[in-house]
Amino acid sequence: MKDRRWFTVGGLAALLLSGLAVAAPPTAKRGSSQFVQTDGASFTVNGSKFRYVGTNSYWLPVLNTDEDIWNTLGNISAVGAKVVRVWAFNDVATTPSNGTWFQSIQNGTVSINDGPNGLQKLDTVVQMAQQHGLYVMMTLTNNWYPSANSTGSSLQARGGTTEITLPRNYLSNDYGGMDLYVRQFGLQYHDQFYTDGTILNAFKNFTSQIVSRYVNNPAIFSWELANDPRCGSTLPTSSSCTTETITQWHATMAQYIRSIDPNHLISSGNQGYMCTDCAKLYPLNPAPAPQPSPAPGSKKRSVPVTTKQLLRKRAESRRLNRRAAKLAGKLKEDGIRVRGRWAATATRRQQSAEVGTAYDGSYGVDSQDIMNIPDISFGTFQLFPDQDTYTPSDPSLSSYQNSVNSGVDWITYQAQSAAAVGKPLIMTAFGLVTQDNAADFVPFNMTTAPYASGTYTIAYGVTNQQQTDAYSTWLNSTCVKYCELHF
């Protein structure tokens with residue numbers, strides 16, 4: 001499964017690059033508050049800046065005993081983490097005979113479980129987190145629920161063929177979510193979750209139950225609208241879903257939560273996908289104007305990520321990587337020899353004038369537009385370069401080095417986008433699958449481990465050392481240099 005470690009880059013948005021960084025736009029300071037607040041590109045608590053690292057513990061409410069929850073939170077606190085990200089939803093279509101569930105959605109009928117195996121378990125998590133000095137980020141639904149299309153979840157034994165049936169809630173994508181709503185209200189397309197009035201009212205009802213329950217509790221860090229919201233999922237996508245569809249849903253839900261809760265922060269939970277050429281529902285105001293070269297020692301105003309910038313950076317990186325490979329004797333000259341010189345090598349042939357799906361709105365997500373919604377408090381993104389493609393591979397580099405470099409660029413562009421908006425930014429999840437855990441790895445839109453059968457002759461994933469080196473590169477190239485982190 002995904003590596004679910006995560007950390008804040010609050011402050012990174014305003015400090016990442018001297019050529020891009022500027023002070024955040026003036027904001028009304030909220031003063032000292034026991035609730036986590038934002039002040040420009042920073043988080044604050046009780047009037048002081050709040051920087052932290054956290055962990056994803058989506059499964060905390062389904063642990064068997066209160067002692068298990070208490071000990072887990074104690075261990076998290078002991079290593080210096082300050083925030084835990086938890087699934088504040090657990091949807092079922094049929095009431096289970098045992099285990100935890102929060103909401104039943106069956107044939108259009110919705111009921112909330114407020115009992116000891118329902119929302120009281122979430123109460124326990126919040127109460128114990130507070131006692132351990134931890135804040136809780138509450139995620140309200142998930143884009144992914146592949147179990148809706150399967151007979152259940154299973155995991156093959158490492159290197160073998162025996163199927164092991166997994167208990168409900170073992171996988172992070174087995175807690176219900178958007179596709180369960182769509183199916184149980186008799187609809188067809190995943191994106192109808194964002195647009196159908198009946199589903200929207202049902203989700204608002206559940207959201208109000210959760211938000212109003214903790215509206216005055218300072219242990220809540222924020223409300224996260226969804227994990228990885230986008231146009232597509234296991235169910236098909238309609239032809240009408242666009243970035244504006246997803247942005248408008250965020251605006252509607254954020255405004256609804258704010259009408260209930262004036263105290264807590266609100267975020268999206270999206271992956272950070274961009275649309276550099278899309279029209280915006282919430283354009284930057286004023287729009288960034290062309291800037292003259294700054295005077296020595298001064299800083300340029302931060303501007304949004306642009307198509308021109310992306311293509312220029314890729315071309316320059318490829319040129320430098322090709323030169324380095326040539327000097328090292330690793331460049332494969334496979335082009336056509338013209339008058340004694342090689343032309344049209346693989347690197348040059350694969351350059352494209354397209355920015356790619358992570359930046360062109362293909363996923364229906366425009367993270368900058370979402371971040372600039374007035375009721376959205378800060379930006380979010382995730383980083384899984386072995387599962388998502390952020391940029392075309394450079395043939396001068398190894399697959400591993402491409403993953404590392406694309407991760408650095410992804411973090412950099414996310415920080416630049418947040419700086420342009422003037423809000424804090426959090427990377428809520430990141431990871432690389434290693435060869436040691438590949439047999440147990442379940443992609444977010446699957447219910448089985450595809451690399452567990454032992455039939456693959458080439459090992460999937462990176463080595464443990466490569467994973468460590470990649471994480472170190474991502475952190476050292478950005479966060480450690482420009483952020484204060486508490487490990």
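**Helix α7 and the disulfides of a predicted model**

Student: In this predicted model, which residues of α7 are buried?

Tutor: Buried means under 20% relative accessible area. In α7, the residues that meet this criterion are T243, T245, I246, T247, W249, H250, A251, M253, A254 and I257.

Student: Against which elements do the buried residues of α7 pack?

Tutor: Contact requires heavy atoms within 4.5 Å. By that criterion, the partners of the buried residues of α7 are α5 (192-195), α6 (197-213), β13 (220-224), β14 (265-267) and α10 (367-371).

Student: How far apart are the end C-alpha atoms of helix α7?

Tutor: Helix α7 covers residues 243-260, which is 18 residues. At 1.5 Å a residue the expected span is 26 Å. The model agrees with this expectation, as the end C-alpha atoms are 26 Å apart.

Student: At the start of α7, which backbone nitrogen does a side-chain oxygen of T242 reach?

Tutor: The two atoms lie within 3.2 Å of each other. The nitrogen reached by the T242 side-chain oxygen is that of E244.

Student: How many residues apart in sequence are the parts tied together by C231 and C241?

Tutor: A disulfide joins C231 to C241, with an S to S distance of 2.0 Å. Both cysteines lie in the loop between β13 and α7, so the pair ties together parts separated in sequence by 10 residues.

Student: Is C278 buried or exposed, or in between?

Tutor: C278 is joined by a disulfide to C275, which counts as buried at 3% relative accessibility. The value for C278 is 23%, so C278 counts as partly exposed.

Key. Residues numbered from 1 in each chain as written. Predicted model: local features only at pLDDT ≥ 70, side-chain atom pairs only at ≥ 80, totals over all residues. Heavy atoms only, no water. Helix = DSSP H or I, 4+ residues; strand = E, 2+ residues; numbered from the N terminus. Expected span 1.5 Å × (residues − 1). Buried < 20%, exposed > 50% of the residue type's maximum accessible area, 1.4 Å probe, protein only. Polar contact = N/O pair within 3.5 Å; in protein donor to acceptor, adjacent residues only side chain to side chain. Disulfide = S-S within 2.5 Å.
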